[in-house]
Amino acid sequence: MNPLLLRLYQKIKTGECKQQQMSDVLSLSVKQTSRLLQKWQEEGWLRYIPGKGRGKNSYIEWLKPIEELFLKKAIQSFQENSIEETAKLLTYDWSISSKERLTSLFQTKMGFIRDENDRLIIPIRFRFVTFHPLEAVDCYSANLVSSLYDRLVNVDEEGRFSSGVAHSWECLDKRFRCYLRKGVRFHDGSLLMASDVVTCLDKLRHHPQHAVIWEPIHQISTPAPYVVDFELNESLASYMLPLLSNTYASIYKEYDGKIIGTGSFYLVEDTETRTILKAFDYYYKERPLLDKIEFIRVPQDFKVVYHTSQTEKEDATFQVKSDSGFGIVVMNFCHESPLKNPNIRHYIHQIIANSRHEIMEKDNFKENFYPNAEGFQLGNREAFHIPPIKDVPKLSRPLIMQVVNYTKDMSYWLKEKLEAAGIQIVIQHKTFDEALYGNLQEIKADLLIFGEVYEVNPQYSFFCLVKGLDYSISQIFSVDPAIKELSMKYKCTPIEHWKELNHKIEKLLIEKSILIPLYYSKRNIPFTSDLQNISIKSFGYVDFASLWMKPNMNMTSDLD
């Protein structure tokens, strides 16, 4: 079954049409479209008469009921094949009735393979971008990284540090020393040594994205087995602990082109349709109570429910809410932009301040987005001062707004508000990957909505944002001298005072209309009732290692 053939069948009816129209439907060149049409004609699906001469219409006649035939094959596939083989069929361009029928079959099929493994099954709409700790910029990948790899030090929501791969540490003048646990194993069974930690963190220290934040550490060495020393330019104990607890500082080794970690789960499969993690039996801490986590790729409109391998269709579900970050409007004047004029920025800020209460009233924003007039950090309640601008500032050109799929609805709402107030907007669409790895100087867009997701500790998350660990907007923190000067003070400020420093930086960013608060985001995650001990950790996601599945006694007796 060719999905392009079904798409063309749904969009182009029997009769005259333009070849360019068919090319646009298939997102192919005219030449590629012609080849496919010839092929499908030879296979007997259609009759095609190309238009001769400029401006002449072509003619297409469908000889077979494509959707009806494809639907029969899809239903047969759902009955005979595995979930990963059938999941991709849901992404085809079905009619509403066919899509509902297949979705119902898929939901019935998901999770009903009864075996002795406790499996958590999670429908996902996008494939994971990466599994490498240094490349995990997006929250989906970073959440997975936190389960596949461990760090020397862990941190909780309150900023309290606890042991990870390092069981103890101490600061000796200008040296920070970590003592490693013995018997920690990589997923390939090999023992973790101090030299592995040195090699791994040296790569991090010299990585272009992290070099600035790691600049105070000029050498990492191992003076004795299971001991790692960090030679510092000055005494920076309070700086080292949050640095080593970050997801980017995950410990791994690379062998034969594979990235191998020590985390509670390890990766066993990653394809277009599913990703599988398996519990690591030799984990140095408590082994996870779940055996497998299976991420299944589903279409955008598929209802996402976290459920288990024993879930019955009628099982009750309940929702867990998590604070998953905030959305800000970035005023990008890192390039030649009209936004270099602060009055234009302040005027846009006024429009947003006067309109964001409507976020609560929009049906497609309800439950997930809440207006934020306070700041980026949860708990701040200060009203920020913005200079009032009465008249519409003159613009040399329309402002360019970058729009990515996950900010599309909010971006178009903002465009409507700005244009109603006299600010002309031109939309620049970007893919998720383009937005993820682009930067403000390269994109040439004047404003964009940026979604930031909290790691476990929100104060440290804000520090990471300011210090440029999010590559896509890192330059914005160096365009203003006062903000740049404040950002240099982290290394000489004890972490217990970072909240105060964060607030000073936040205040400048907002009052200079460089970053404008727009919304807080929340995730409502539905779980089936047999899942127990649900807790939220990094990036607003569930802690997979703490989950367990309450056995279905009837199912257990059947297996016996």
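In the protein chain of this predicted model, 70% of the contacts between residues at least 6 apart in sequence join residues at least 24 apart. The chain holds 17 helices and 24 strands. Of its 560 residues, 51% count as buried. The protein chain exposes about 25,900 Å², and carbon and sulfur atoms supply 49% of that area.

One of the sheets is an open sheet of three strands, with the order 1-3-2 and antiparallel pairing. Its edge strands are strand 1 (15-17) and strand 2, each of which pairs on one side only. From one strand to the next, the twist averages 25°. Strands of a sheet pair through backbone hydrogen bonds, and the pairing can be parallel or antiparallel. Between strand 2 and strand 3, antiparallel pairing extends over four bridges. Within this pair, Leu46 stands opposite Trp62 of strand 3.

Helix 3 covers residues 30-42, a run of 13 residues. From its first C-alpha to its last, helix 3 reaches 18 Å, close to the 18 Å expected at 1.5 Å a residue. Four residues of helix 3, namely Thr33, Leu36, Leu37 and Trp40, are buried. These residues lie on the same side of helix 3, because they cover an arc of only 100° around the axis. Lys31, Arg35 and Glu42, on the other side of helix 3, are exposed. The buried residues of helix 3 pack against two helices, helix 1 (3-11) and helix 2 (19-26). They also pack against two strands, strand 2 (46-49) and strand 3 (58-62). Strand 2 and strand 3 are the antiparallel pair with four bridges described above. Just after the end of helix 3, Gly44 takes a positive phi of about 90°.

A second open sheet has five strands in the order 13-14-15-4-16, and its pairing is mixed. The edge strands of this sheet are strand 13 (265-270) and strand 16 (307-308), and each pairs on one side only. Helix 7 (residues 139-148) packs on the sheet. Helix 7 touches strand 13, strand 14 (274-279) and strand 15 (292-297), and its direction makes about 125° with that of strand 13.

At one edge of the five-stranded sheet, strand 13 and strand 14 run antiparallel and are joined by five bridges. The two strands form a hairpin, with three residues between them. In this hairpin, Asp270 stands opposite Thr275 of strand 14. At the other edge, strand 4 (residues 119-124) pairs with strand 16 in the antiparallel sense, over two bridges. The bridge partner of Ile121 is His307, in strand 16.

Strand 15 contains Glu294. With a relative accessible area of 5%, Glu294 falls under the 20% limit and is therefore buried. Apart from residues up to four places away in sequence, Glu294 touches Arg119, Leu120, Ile121, Ile122, Arg274, Thr275 and Ile276. Two of these contacts have been named already: Ile121 is the bridge partner of His307, and Thr275 stands opposite Asp270.

Two alanine residues elsewhere in the chain were also examined. Ala224 is in strand 9 (residues 217-224). Its relative accessibility is 30%, and Ala224 counts as partly exposed because this value lies between the limits of 20% and 50%. Ala224 and Ala194 are 30 residues apart in sequence, and their C-alpha atoms are 8.2 Å apart in space.

Ala445 is placed in the loop between helix 13 (440-443) and strand 21 (447-452). Although it belongs to a loop, Ala445 has a relative accessibility of 0% and so counts as buried. When its neighbours within four places in sequence are left aside, Ala445 is in contact with Asn332, His335, Ile400, Gln402 and Gln428. Ala445 and Leu399 are separated by 46 residues in sequence, while the distance in space is 7.7 Å from C-alpha to C-alpha.

Terms used. Residues are numbered from 1 along each chain as its sequence is written. This is a predicted model: local features need pLDDT of at least 70, side-chain atom pairs count only at pLDDT 80 or more; totals for chains, interfaces and linings use all residues. Side-chain values use heavy atoms; hydrogens and water are left out. The expected span of a helix is 1.5 Å times one less than its number of residues. Buried means under 20% relative accessible area, exposed over 50%, partly exposed in between (1.4 Å probe, protein chains only). The arc is that of the directions from the helix axis to the C-beta atoms. Contact means heavy atoms within 4.5 Å. Accessible areas come from the Shrake-Rupley method with a 1.4 Å probe; for residues, only the protein chains shown count as cover. Two strands pair if DSSP finds at least two bridges between them. Axes are lines fitted to C-alpha atoms, for helices over the stretch in contact, and angles run from 0 to 180 degrees between N-to-C directions.
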